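Here is a walk through one protein model and the ligand it holds. Keep the structure open and follow along.

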Amino acid sequence: MTTLKGYQLLPHLPRIRTDTPGFLLECARRYGDWVHFDVGVTQAFFINHPDAVKHVLQEKNRYYTKDTLQYRTLALVTGQGLLTADGDMWLAHRRLLQPAFARPHLMALDEVVLPVVDRMLQRWEHLAIQQEIVDVDHEMLEAALEVVGLALFGLDLSREAPQLVRAVLTALDYVIYRAQNLVVPPLNWPTPRNRAFKRALAELERAVDAILDQRRDGKAQGGTLLNLLVQAEQAGQMTRQQVRDELVTMIVAGHETVATALTWTWYLLAQHPEVEATLLAEIDTVLDGRPPTREDLPKLTYSTQVFAEALRLYPPAWLITRRAIAEDAWMGHSIPRGALIIISPYVLHRHPEFWDEPEAFHPERFAEDKARAYPRFAYIPFGGGPRLCIGNQFALVEAQLILSRVLQRFRLSFAGAGPVQAKPLVTLRPKGGMPMRLIPRQAS
Ligand code: HEM
């Protein structure tokens with residue numbers, strides 16, 4: 001194990017702040033799978049081996065909590081929702097909400113996703129005629145937010161989508177700013193950043209109120225998740241604040257992740273015409289021009305591989321942290337109580353021991369016969385153990401439906417000046433958006 005002291009990290013501070021994934025990748029390449037950052041009161045361990053990750057996230061998960069800067073700052077927005085809560089409350093809420101993600105609901109996702117995508121495609125038809133360059137990042141964010149609204153809350157958020165997307169991005173911007181700066185002006189100081197954050201939070205509160213009001217007025221039936229929350233509040237199992245926190249958590253966790261993953265997928269496809277051609281051939285053969293349905297999904301195997309590979313190279317959740325609440329050890333390495341554990345799916349997904357040509361985009365590596373060539377915990381876009389993403393299957397079904405439906409009508413070509421950099425915000429976002437040209441399929 002290599003230990004890096006605070007003074008050894010000082011020269012790297014600018015890079016740690018602006019390019020944390022790159023810095024961690026370099027640490028792993030130079031120092032191996034277990035790196036200790038000894039920074040005064042903070043003892044941090046960066047672990048980059050599937051077995052060590054499995055140990056922390058699964059085998060000894062009870063020793064590790066989310067009491068870390070990453071989740072404390074995120075809680076400024078989401079409160080104590082599933083993503084940030086720990087202990088008994090987390091377990092009770094997870095059990096309560098799990099049924100909303102059960103298979104029958106996932107299989108009905110096509111009824112929700114297709115109308116949202118078709119509305120977007122109708123708009124795209126006009127934009128394509130005018131040869132407009134479209135920010136696909138933004139398009140994916142709005143579409144994914146509408147899907148969450150319809151699928152989980154039973155509500156049409158299409159009117160509110162632009163403001164809500166903006167509010168979430170502004171709020172998450174502030175989260176990153178707080179996480180990256182040790183000293184920040186108190187929130188009650190009227191700095192422009194504080195004011196923008198408060199406006200974004202107010203927008204989210206308004207959205208939550210509107211969602212609950214519409215459900216109570218009987219204007220909306222409510223999606224399964226919303227119904228579970230409202231019933232829990234009525235039964236005294238949850239407070240209004242807890243309902244608010246879970247709703248905001250689902251809005252935040254449920255759309256930016258999927259949207260970002262899709263945006264990177266479009267980018268990768270635009271750069272790899274041979275992959276795009278194979279994918280188009282599969283979609284045309286399986287669907288024969290029909291809209292995709294739930295029955296088609298298992299047949300769209302190459303599309304699954306493409307999305308899995310995009311998640312490997314650009315995992316939206318690029319950082320996972322935990323706090324050790326008890327002394328522990330792994331393979332002779334001791335982990336003191338209070339230690340911070342740093343796991344980066346971005347770095348782990350590039351581990352040369354488990355991935356050939358780690359930087360290359362090869363969807364074939366996820367083909368059925370090869371998929372198990374890597375250990376389960378070498379690939380963790382959705383985390384692992386009991387805190388595994390509750391929306392992982394939801395995300396996979398949604399992405400497959402959106403990819404195939406869009407590709408029936410359009411190919412997307414990159415219209416930016418140079419390679420798009422990945423910006424490590426709460427998720428791994430494309431710096432400067434994703435400018436793309438829409439190429440109607442029949443004209444291609
Ligand atoms: C490609 C899309 C997605 C990715 C990459 C992703 C990634 C993750 C990861 C890595 C975690 C675990 C974090 C940790 O252990 O510290 C997580 C948790 C979570 N995700 Fe996702 N997610 C995605 C989509 C979704 C969707 C669609 C929803 C909801 C509809 C969702 C809701 C949640 C929630 C509520 C948690 C906390 C679960 C718990 O701790 O019980 N995610 N996600």
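**A histidine in the loop**

Begin with a single side chain: a polar atom in the side chain of His349 lies 2.8 Å from the backbone nitrogen of Ile380. The model is predicted, and so are the positions behind this distance. His349 sits in the loop between α16 and α17. Its relative accessibility is 0%, so His349 counts as buried.

Stay in that loop. Phe366 lies in the loop between α16 and α17, and so does Tyr379. For an aromatic pair, two values matter: a pair of rings is described by the distance of the centres and the angle of the planes. The structure holds 16 aromatic pairs. In the pair of Phe366 and Tyr379, the ring centres are 4.9 Å apart and the planes stand at 50 degrees, so the pair is tilted. The two rings tie together parts that are 13 residues apart in sequence. Phe366 is buried, with a relative accessible area of 9%. Tyr379 is at 12% relative accessibility and also counts as buried.

The loop between α16 and α17 also holds Glu357. Glu357 is exposed, with a relative accessible area of 55%. Its backbone deserves a look. Most residues other than glycine have a negative phi. Glu357 is not a glycine, yet its phi is positive, at about 40 degrees. Met331 is another such case, with a positive phi of about 50 degrees although it is not a glycine. Met331 is found in the loop between β7 (328-330) and β8 (333-335). At 68% relative accessibility, Met331 counts as exposed.

**The ligand and its iron**

Return to the loop between α16 (345-348) and α17, which also carries Cys389. Which protein atom is a donor of the iron atom of the ligand? The only one is SG of Cys389, at 2.3 Å.

Now widen the view. The ligand has 27 residues around it, and those that come nearest are Tyr71, Trp90, Arg322, Arg387 and Cys389. By class, this shell has 19 nonpolar, four polar and four charged residues. Several side chains face oxygen atoms of the ligand. An N or O atom in the side chain of Trp90 is 2.7 Å from an oxygen atom of the ligand. For Arg322, an N or O atom of the side chain is likewise 2.7 Å from an oxygen atom of the ligand. For Lys66, a polar side-chain atom lies 3.4 Å from an oxygen atom of the ligand. Four elements give two or more residues to the shell: α6 (87-97), α13 (240-271), β6 (320-324) and α17 (392-409). The largest share, five residues, comes from α13.

**Along α13**

That helix merits its own pass. α13 has 32 residues and reaches 47 Å from its first C-alpha to its last, close to the 46 Å expected at 1.5 Å a residue. Of these 32 residues, 26 are buried, so α13 is largely enclosed by the rest of the structure.

Aromatic contacts appear here too, within the structure's 16 aromatic pairs. The rings of Tyr267 and Phe414 have centres 5.2 Å apart and planes at 75 degrees, so the pair is edge-to-face. It links distant parts of the chain: Tyr267 belongs to helix α13 and Phe414 to strand β10 (residues 410-414), 147 residues apart. Tyr267 counts as buried, at 2% relative accessibility. Phe414, at 25%, counts as partly exposed. Ring pairs link Trp264, Tyr267, Tyr314 and Phe414 into a cluster.

**Toward the N terminus**

Finish with helix α3 (residues 20-31). It has twelve residues and reaches 16 Å from its first C-alpha to its last, close to the 16 Å expected at 1.5 Å a residue. At the start of α3, a side-chain oxygen of Asp19 reaches to within 3.0 Å of the backbone nitrogen of Gly22. Gly22 is one of the buried residues of α3, which also include Phe23, Leu24 and Leu25. After the helix comes Gly32, with a positive phi near 100 degrees.

Strand β2 (residues 34-39) contains His36. His36 is buried, with a relative accessible area of 9%. Its C-alpha atom is separated by 54 Å from that of Gly289, 253 residues apart along the chain.

Methods
Residues numbered from 1 in each chain as written. Predicted model: local features only at pLDDT ≥ 70, side-chain atom pairs only at ≥ 80, totals over all residues. Heavy atoms only, no water. Near = heavy atom within 4 Å. Polar contact = N/O pair within 3.5 Å; in protein donor to acceptor, adjacent residues only side chain to side chain. Nonpolar A, V, L, I, M, F, W, Y, C, P; charged D, E, K, R; others polar. Donors = N, O, S within 2.8 Å, 3.2 Å for Na, K, Ca; no water. Expected span 1.5 Å × (residues − 1). Buried < 20%, exposed > 50% of the residue type's maximum accessible area, 1.4 Å probe, protein only. Phe/Tyr/Trp six-rings, centres within 6.5 Å; stacked < 30°, edge-to-face > 60°.
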